[in-house]
Amino acid sequence: MRIFMVVDVMSIIIKLMSDIGELRVWLATIVLRRALDEDLLSRIKGMANGCRDSLVTVVPANKILNAWHMIYPAYLSLRDHIMGISKFKDPGLGALTYMAGTTQLREGLNLLHPVGHDKISVIIMGINDCVSDVTSKIMNLLGDKALDVVIGAGVNRVCDCAFTSIDDFIRTLISEYVDEFA
């Protein structure tokens, strides 16, 4: 278990130049003491309400490949929202559908709904300085509920096994890992 200080975790806000302005991005994977429930998810998502032109998206960490699997879809959704062409009122939901590779919210939620998971990846993105405030509020909310916070997205897992054949490798891959992505 890692011991972390909220101040250190919050200070890692990435700044990226884009066609909609300077993006502020905070991305972390959080291991919770208990699985995420609807109430806590609503409270997390509600933290961005006062921060114009921003989004918060929470997904199961085991469904995310890498940081760009979250950053680029979040950017696309935020850009659509700022340009007024998004079909979603909440740019966080738009980011979710982009991450799931669908245009249908129901399909995106079926694939990436974080409720019931104890390892979640969170992205907070916006073009205003209030992203720091949103990050602080979310970390204060999750501080006592988290066992670990790691900057970045997804859960990298390693199989500590020896394989006797390619068939053995494929069977292990399917039985141990692939079912979480299906």
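In which helix is His81 found? In this predicted model, the residue sits in helix α3. His81 counts as partly exposed, at 27% relative accessibility. Setting aside the neighbours within four places in sequence, its contacts are Asp53, Ser86, Phe88, Lys89 and Pro91. Asp53 is the partner to look at here: 28 residues separate Asp53 from His81 in sequence, yet the two C-alpha atoms are 7.7 Å apart in space.

Helix α3 runs over residues 68-83 and also carries Tyr72 and Tyr75. These two tyrosines are three residues apart, or about one turn of the helix. As for aromatic pairs, the count comes to one, and Tyr72 and Tyr75 are the residues that form it. In general, a pair of aromatic rings is described by how far apart the centres are and by the angle of the planes. For Tyr72 and Tyr75, the centres are 5.9 Å apart and the planes make an angle of 35 degrees, a tilted arrangement. The label is tilted because 35 degrees falls between the cut-offs of 30 degrees for stacked and 60 for edge-to-face. The two partners differ in cover: Tyr75 is buried, with a relative accessible area of 13%, whereas Tyr72 is partly exposed at 47%.

Now to the cysteines. The structure holds one disulfide, and this bond links Cys51 with Cys130 at an S to S distance of 1.9 Å. Cys51 belongs to the loop between α2 (38-46) and β3 (54-60), while Cys130 is part of helix α6 (residues 130-142), so the bond ties together parts of the chain that are 79 residues apart in sequence. The torsion about the S-S bond is about 80 degrees, so the disulfide is right-handed. On the loop side, Cys51 is buried, with a relative accessible area of 5%.

Stepping back to the whole chain, the secondary structure adds up to seven helices and five strands. Along the sequence they follow the pattern α-β-β-α-β-α-α-α-β-α-β-α. What share of the contacts with a separation of 6 or more comes from residues 24 or more positions apart? Such pairs account for 75% of those contacts in the protein chain. As for cover, 44% of the 182 residues count as buried. The accessible surface of the protein chain comes to about 10000 Å², and carbon and sulfur atoms hold 55% of that area.

Conventions
Residues are numbered from 1 along each chain as its sequence is written. This is a predicted model: local features need pLDDT of at least 70, side-chain atom pairs count only at pLDDT 80 or more; totals for chains, interfaces and linings use all residues. Side-chain values use heavy atoms; hydrogens and water are left out. Helices (H or I, at least four residues) and strands (E, at least two) are DSSP runs, numbered from the N terminus. Buried means under 20% relative accessible area, exposed over 50%, partly exposed in between (1.4 Å probe, protein chains only). Contact means heavy atoms within 4.5 Å. Accessible areas come from the Shrake-Rupley method with a 1.4 Å probe; for residues, only the protein chains shown count as cover. Rings of Phe, Tyr and Trp (its six-membered ring) pair if their centres lie within 6.5 Å; planes under 30 degrees apart count as stacked, over 60 as edge-to-face and the rest as tilted. A disulfide is a pair of cysteine sulfur atoms within 2.5 Å.
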